[in-house]
Structure formats: C-alpha cells, structure tokens
Amino acid sequence: MALTKYAFLIKADGYPAIGHATTLPGDGFTTHIFAASDINALIKAANNLIEDGIQLIETCGGFGTDDFAALSDAIGGRVALGQMQFDDANKLLLGKVIAD
C-alpha cells in the first residue's frame, strides 16, 4: 500500500487550545497539519484523522514524553506514530533559538 495520507501534529503554547488545522493537497499525497496547545485537542484530532483514513502521524518536538505516551495510548497502534527529535548538535542550536 502506498502512503497517500500523512499527518503532522504540532504542540506549542502559541496555538489555540482547540487547535488549528490545514491541509496541503498534492498529486496522490495529502498532508494534514493540526496545531494546538492542548494535548486533548491533539488526541481528538488524531483520532478523527485516523477515522478519515490517515496512514501515518508524526509529532513535533513540542510533544514531551508524557504527551507522546498519551497520544500513543489513545490511538492504540491503529497507525504508525513517529516523534521528531533533534540530534545532539542541533539540540544546542535549538537551545540558542529558544533562549532568544
């Protein structure tokens, strides 16, 4: 089966608690992006995306260990779930950006 429906979830304090969604359609591939400050809104969005046929979900680095575990538990292995992380060199660069 080819990957045609992908989702990226963003968790950050600057987004509304209820979340904001957008879709980037492509030729045979569609990306769904959902951003929220509240983990419960992100879990609800993930479940809705799965019901709509999403095949893969990735999360941004704003998901801490507890949030990622809560999302993983909530979707129960129905689709692959990935977590974006920085390597050590880029963690240093990220720290500089966040500190500014």
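**Figure 1. Thr 22 and its partner across the β2–β3 hairpin.** In this predicted model, Thr 22 stands opposite Ile 33 of strand β3. The two strands, β2 and β3, run antiparallel to each other and are paired over six bridges. Four residues sit between the strands of this hairpin, and there you will find Gly 28 with a positive phi near 85 degrees. How many of the six residues of β2 are buried? The number is zero, so β2 lies largely in the open.

**Figure 2. The aromatic pair of Tyr 6 and Phe 29.** Just one aromatic pair is found in the structure. Its partners are Tyr 6 and Phe 29, which are stacked, with 6.3 Å from centre to centre and 25 degrees between the planes. Tyr 6 belongs to strand β1, while Phe 29 belongs to the loop between β2 (20–25) and β3, so the pair ties together parts that lie 23 residues apart in sequence. Are the two rings buried or exposed? Tyr 6 has a relative accessibility of 14% and counts as buried. Phe 29, at 32% relative accessibility, counts as partly exposed.

**Figure 3. Helix α2 and its buried face.** Come in on helix α2, residues 65–75, and look for its buried residues: Asp 67, Phe 68, Leu 71 and Ile 75. Viewed down the axis of α2, these residues fall within an arc of 100 degrees, so they line one face of the helix. A little helix geometry helps here: with 3.6 residues a turn in an α-helix, residues three or four places apart point the same way. On the face turned away from the buried side, α2 carries the exposed residues Thr 65, Asp 66 and Asp 73. What do the buried residues of α2 pack against? Their packing partners are β1 (5–11), α1 (39–51), β4 (56–59) and β5 (80–83). After α2 comes Gly 76, with a positive phi near 55 degrees.

**Figure 4. The largest nonpolar core.** This view gathers the 23 residues of the largest nonpolar core. Which of them have the most contacts inside the core? They are Leu 9, Phe 34, Leu 42, Ile 57, Phe 63 and Leu 71. At least two core residues come from each of β1, β3 (30–36), α1 and α2. Helix α1 gives the largest share, eight residues. As general background, nonpolar side chains tend to be buried together in soluble globular proteins.

**Figure 5. Phe 63 and its surroundings.** Here we stay with one of the core residues that have the most contacts, Phe 63. Setting aside neighbours within four places in sequence, Phe 63 is in contact with Leu 9, Ile 10, Lys 11, Ile 39, Leu 42, Phe 68, Leu 71 and Gln 83. Among these partners, Phe 68 and Leu 71 are also buried residues of α2.

**Figure 6. Stepping back to the whole chain.** To place the close-ups, follow the protein chain along its sequence in the pattern β-β-β-α-β-α-β-α, which gives three helices and five strands. The radius of gyration is 14 Å, close to the 13 Å from the globule rule for 100 residues, so the chain is as compact as a globular protein of that length. Its C-alpha trace spans about 40 × 30 × 25 Å along the principal axes. Of the 100 residues, 33% count as buried. Among contacts between residues at least 6 apart in sequence, 60% join residues at least 24 apart.

Definitions and conventions: Residues numbered from 1 in each chain as written. Predicted model: local features only at pLDDT ≥ 70, side-chain atom pairs only at ≥ 80, totals over all residues. Heavy atoms only, no water. Buried < 20%, exposed > 50% of the residue type's maximum accessible area, 1.4 Å probe, protein only. Arc of directions from axis to C-beta. Contact = heavy atoms within 4.5 Å. Core = buried A, V, L, I, M, F, W, Y, C linked by side-chain atoms within 4.5 Å. Phe/Tyr/Trp six-rings, centres within 6.5 Å; stacked < 30°, edge-to-face > 60°. Pairing = 2+ DSSP bridges. Rg over C-alpha atoms; globule rule 2.2 N^0.38 Å.
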